[in-house]
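Hi everyone, thanks for coming. I'd like to walk you through a model I've been looking at, so let's put it on the screen.

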Amino acid sequence: MATKATRTTSTTAPATDDAQPPTPADLLADAVADLQRAIDGHTSNNPFALAYRLTGARLTIAEVVAIRSTGGTLYSGPTPAVYAAATPKPTDEERAAWYYVPARAGAADRIARGCGLLGITPDHVLATWAPGASDLSALAKAKDPITEAEALSKAAEVKAAEKAKAERDRVIKKSVMDAVTLANLDLDTAPAWRKAIAAGADVDALTLAWANAKLMPPADDEQASDAR
């Protein structure tokens, strides 16, 4: 007998008169689980997972808590195993309908609502940090998810700062190399300087690197730097 893919989402049961409302820890765990389900999707190559690779498209835990609080979910489709066994396969339109990738418009309101549900301030790590897929796995296994979130967030900040510094250093190094090449050809070195500045190079660091290479910054740029 043919087996159709069935909806297999896991949701938090609504509080009743006899049931205790979910605690912040419950809400956090549910949000992490919903994010993980969406990333796993029906296959690893799914719309949510692809979007989630972009840092700007990621969601904070507070935002997901707000989405879940209204009965929403980021993924309403089957597990990969159920989907693999299903025949006939759903259409592209049916698969697309399983996923919810929230637009960034309205994110601030959702985060604020999630903060209220979690009992946290807007500057809390659960409201400001958007975990990646590996972070979610660590949070799901952690005995103290909030402490784990703080540690992961700080590690991400350090990594981002190191990456930014490496990029700035690369820009300056390339500027020096380009300027040396231009100077050896008796050409104006100003384009190499201005290109580095446009790419975000620090003026003082760039000036020092050029001085070490016995290069002179363009006169007009020196004056602009002094004016600052």
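Let me start with a question for the room: which are the buried residues of α8? They are Asp 135, Leu 136 and Leu 139. If you look down the axis of α8, these buried residues fall within an arc of 100 degrees, so they line one face of the helix. On the face turned away from that buried side, you'll find the exposed residues Ser 134 and Lys 141. And the packing partners of the buried residues of α8 are α1 and α9.

Before we go further, a word on confidence, as this is a predicted model. The average pLDDT for the protein is 87, and 88% of the residues score at least 70. Among the elements, α3 has the highest mean pLDDT, at 97, while helix α12, residues 219-227, has the lowest, at 53. Over residues 222-228 the pLDDT is below 50, and this stretch has four contacts in the model beyond near neighbours in sequence. Residues 1-14 also stay under 50, and there the model has 32 contacts beyond four places in sequence. Please keep in mind that where pLDDT is low, the predicted coordinates should not be read in detail.

Now to the interior. In soluble globular proteins, nonpolar side chains tend to be buried together. Here the largest nonpolar core has 33 residues, and the ones touching the most other members are Leu 35, Phe 48, Leu 59, Ile 61, Leu 74, Leu 118 and Leu 126. Several helices give two or more residues to this core, including α2 (47-52), α6 (107-118) and our opening helix, α8 (133-141). The most comes from α1, with seven residues. There is also a second, separate core of 13 residues, and among its members are Val 171, Ile 172, Ala 179 and Leu 206.

Let's zoom in on Phe 48. Setting aside residues up to four places away in sequence, Phe 48 touches Leu 35, Ala 38, Ile 39, Leu 59, Leu 74, Tyr 99, Tyr 100 and Val 101.

Next, two arginines. Arg 110, in helix α6, has a relative accessible area of 11% and is therefore buried. Beyond its neighbours within four places in sequence, Arg 110 has contacts that include Ala 62, Glu 63, Ala 66, Tyr 100 and Pro 102. Arg 95 sits in helix α5, residues 92-96. With a relative accessible area of 19%, Arg 95 also counts as buried, because the cut-off is under 20%. Leaving out residues up to four places away in sequence, Arg 95 touches His 42, Tyr 83 and Pro 90.

And what about the loop between α7 and α8? That is where Gly 132 lies. Gly 132 counts as buried because its relative accessibility is 5%. Apart from neighbours within four places in sequence, Gly 132 is in contact with Tyr 52 and Arg 58. Arg 53 is 79 residues away from Gly 132 in sequence, yet their C-alpha atoms are 7.8 Å apart in space.

Last stop, the largest pocket, which holds about 350 Å³ of space. It is lined by 14 residues, and those closest to its centre are Arg 58, Ala 156, Glu 157, Lys 159 and Ala 160. You met Arg 58 a moment ago as a contact of Gly 132. The largest share of the pocket lining, seven residues, comes from α9.

That's my tour. Thanks for listening!

How values were computed
Residues numbered from 1 in each chain as written. Predicted model: local features only at pLDDT ≥ 70, side-chain atom pairs only at ≥ 80, totals over all residues. Heavy atoms only, no water. Core = buried A, V, L, I, M, F, W, Y, C linked by side-chain atoms within 4.5 Å. Buried < 20%, exposed > 50% of the residue type's maximum accessible area, 1.4 Å probe, protein only. Helix = DSSP H or I, 4+ residues; strand = E, 2+ residues; numbered from the N terminus. Contact = heavy atoms within 4.5 Å. Arc of directions from axis to C-beta. pLDDT = per-residue confidence, 0-100. 1 Å grid on protein atoms, 1.4 Å probe; cavity = no way out; pocket = protein on both sides within 12 Å on 5 of 7 lines; lining within 4 Å. Points joined across faces, edges and corners; volume = space filled by probe spheres on them.
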